[in-house]
Amino acid sequence: MTTLVFGHKAPDTDSTGSPLIWAWYLSQVKGQDAKPVLLGAPNTEAAFVLNRWGYDTPEIIEDVADDQACVVVDTNNPAELPANINGADVQAIIDHHKLVGGLETRGPINITIRPLACTATIMHNLMGPNADKLTDPVKGLMLSCILSDTLEFRSPTTTEQDKALAESLAADLGLNLTDYAAEMFAAKSDVSAFSDAELIRMDSKEYEVSGTKFRVSVLETTAPEIPLGRKDSLMASMKDVAAEDGVDEVLLFVVDILREEATLLVPNDTVKTVAEKSFGATVDSDTVVLPGVMSRKKQIIPNLAL
């Protein structure tokens with residue numbers, strides 16, 4: 001049976017590139033029948049990366065069948081995975097997020113969760129000497145994943161391993177790392193073709209605080225004026241998205257990559273309370289700037305309070 005390799009829903013660059021990287025490793029190095037798939041359409045940055053390194057968009061799937069062999073990457077959260085994930089045959093997990101719980105496997109499996117900024121960095125470590133077999137397109141994917149997840153080393157999740165590997169891959173590929181990162185971020189910032197609901201869901205995760213379910217959405221951009229210029233319509237859409245997705249509230253953070261800060265949209269008193277209790281912010285309008293906040297994984301999710 002073909003082993004499916006996939007990351008989380010609403011795939012960003014890491015959850016688009018890492019399935020391709022690991023499926024390449026399993027098939028080309030380990031001799032296994034493996035196939036990368038996605039759990040949704042890739043965001044604009046991830047689509048740019050696929051095109052830049054000569055990849056077609058992997059097949060997008062809605063669910064997995066009973067007993068389907070699979071490897072889960074860049075998440076271990078059942079809420080971000082197919083509905084039937086516990087009916088599938090999960091054979092391995094490779095991730096860099098906190099352990100959530102709720103996944104059930106058929107037997108003992110290999111689980112690797114390391115405190116690195118990017119799943120692709122962990123994969124490079126796991127490959128060991130076989131990393132010497134990486135092709136240039138796979139190196140390009142790996143570099144792209146690291147630059148995306150670290151926001152070109154601006155994110156507090158960045159480790160020396162992530163940075164050193166990115167610099168080595170860029171040198172191998174003959175790329176100016178800063179110039180290439182700028183191309184990626186420009187692609188990420190071009191959101192003109194997306195509806196408000198699509199923007200809210202584009203890079204989002206569900207998280208519960210004190211019995212309140214949130215969709216925590218992040219828009220990372222070098223042009224924050226573009227999404228913030230749609231503030232009123234985005235806030236109007238947040239209520240509809242929450243109702244459709246079965247959550248109580250949407251938290252939308254516009255992360256300014258260059259200024260290294262986030263702007264949280266504040267449509268109601270609940271979100272105002274979150275801003276004040278989670279980040280010590282003083283809220284006197286329908287937005288609040290949070291200096292230094294760059295990472296959902298390290299700075300937003302762990303601090304959420306009501």
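In this predicted model, Glu 261 has a relative accessibility of 15% and therefore counts as buried, the cut-off for that class being under 20%. The side chain of Glu 261 meets that of Arg 259 in a salt bridge, with 3.2 Å from N to O. Arg 259, by contrast, has a relative accessible area of 59% and is exposed. The bridge thus has one partner that is buried and one that is exposed.

Salt bridges elsewhere in the chain can be followed in the same way. Side chains of opposite charge can pair when their charged atoms come close. A search of the whole structure finds 15 salt bridges. One of them joins Glu 45 to Lys 188, with 3.3 Å between the closest N and O atoms. This pair links distant parts of the chain, as Glu 45 belongs to helix H2 (residues 44-52) and Lys 188 to helix H6 (residues 177-189), 143 residues apart. Both Glu 45 and Lys 188 are buried.

A further salt bridge is formed by Arg 201 and Asp 245, whose closest N and O atoms are 2.9 Å apart. Arg 201 sits in helix H7 (residues 196-202) and Asp 245 in helix H9 (residues 231-245), so this pair ties together parts that lie 44 residues apart in sequence. Arg 201 is partly exposed at 26% relative accessibility, and Asp 245 is also partly exposed, with a relative accessible area of 22%. Neither residue stands alone: Arg 201, Glu 206, Arg 215, Glu 244 and Asp 245 are joined into one network by salt bridges that share partners.

The strands come next. Strands of a sheet pair through backbone hydrogen bonds, either parallel or antiparallel. Both kinds of pairing are found here, and the parallel kind is seen in an open sheet of 6 strands, arranged in the order E3-E2-E1-E4-E5-E6. Strand E3 (59-60) and E6 stand at the edges of this sheet with a single partner strand each, so one side of each has no neighbour in the sheet. Within the sheet, strand E1 (residues 3-6) pairs with strand E4 (residues 69-73) in the parallel sense over 3 bridges. Here Val 5 stands opposite Val 71 in E4.

The edge strand E6 (residues 110-113) includes Ile 111 and Thr 112. Is Thr 112 buried or exposed? With a relative accessible area of 14%, Thr 112 is buried. Leaving aside neighbours within four places in sequence, Thr 112 is in contact with Ile 93, Ile 94, Asp 95, Ile 122 and Leu 126. Ile 111, for its part, joins Leu 99 and Ile 113 in a nonpolar patch on the surface, and together the three have about 290 Å² of accessible area.

Antiparallel pairing appears in strand E7 (residues 204-209) and strand E8 (residues 212-221), which are joined by 6 bridges. These two strands form a hairpin with 2 residues between them, and Ser 210 in the turn has a positive phi of about 50°. Glu 208, which lies in strand E7, has Lys 213 as its bridge partner in E8. At 48% relative accessibility, Glu 208 counts as partly exposed. The C-alpha atoms of Glu 208 and Leu 20 are separated by 31 Å, the two residues being 188 apart along the chain.

A second antiparallel example is given by strand E10 (residues 261-265) and E11, which pair over 5 bridges. In this pair, Leu 264 has Val 288 in E11 as its bridge partner. In a regular strand the side chains alternate between the two faces of the sheet. Strand E11 (residues 287-291) shows such alternation: Val 288 and Leu 290 point to one face and are buried, whereas Thr 287, Val 289 and Pro 291 point to the other and are not buried.

Leu 264 also leads into the interior of the model. The largest nonpolar core has 67 residues, of which Ile 21, Trp 22, Met 127, Leu 251, Phe 253, Leu 264 and Leu 304 touch the most other members. Another core, of 16 residues, lies apart from it and includes Met 235, Val 241, Ala 242 and Leu 265. With neighbours within four places in sequence left aside, the contacts of Leu 251 are Phe 214, Arg 215, Val 216, Ser 217, Leu 264, Val 271, Val 274 and Leu 304. Among these, Arg 215 is also a member of the salt-bridge network described above.

Terms used. Residues are numbered from 1 along each chain as its sequence is written. This is a predicted model: local features need pLDDT of at least 70, side-chain atom pairs count only at pLDDT 80 or more; totals for chains, interfaces and linings use all residues. Side-chain values use heavy atoms; hydrogens and water are left out. Patches are made of residues with over 30% relative accessible area and no salt bridge: like charges are joined within 9 Å, nonpolar side chains (Val, Leu, Ile, Met, Phe, Trp, Tyr) within 5 Å. Accessible areas come from the Shrake-Rupley method with a 1.4 Å probe; for residues, only the protein chains shown count as cover. A salt bridge is a side-chain nitrogen of Lys or Arg within 4 Å of a carboxyl oxygen of Asp or Glu. Helices (H or I, at least four residues) and strands (E, at least two) are DSSP runs, numbered from the N terminus. A nonpolar core is a set of buried Ala, Val, Leu, Ile, Met, Phe, Trp, Tyr and Cys residues joined through side-chain atoms within 4.5 Å. Buried means under 20% relative accessible area, exposed over 50%, partly exposed in between (1.4 Å probe, protein chains only). Contact means heavy atoms within 4.5 Å. Two strands pair if DSSP finds at least two bridges between them.
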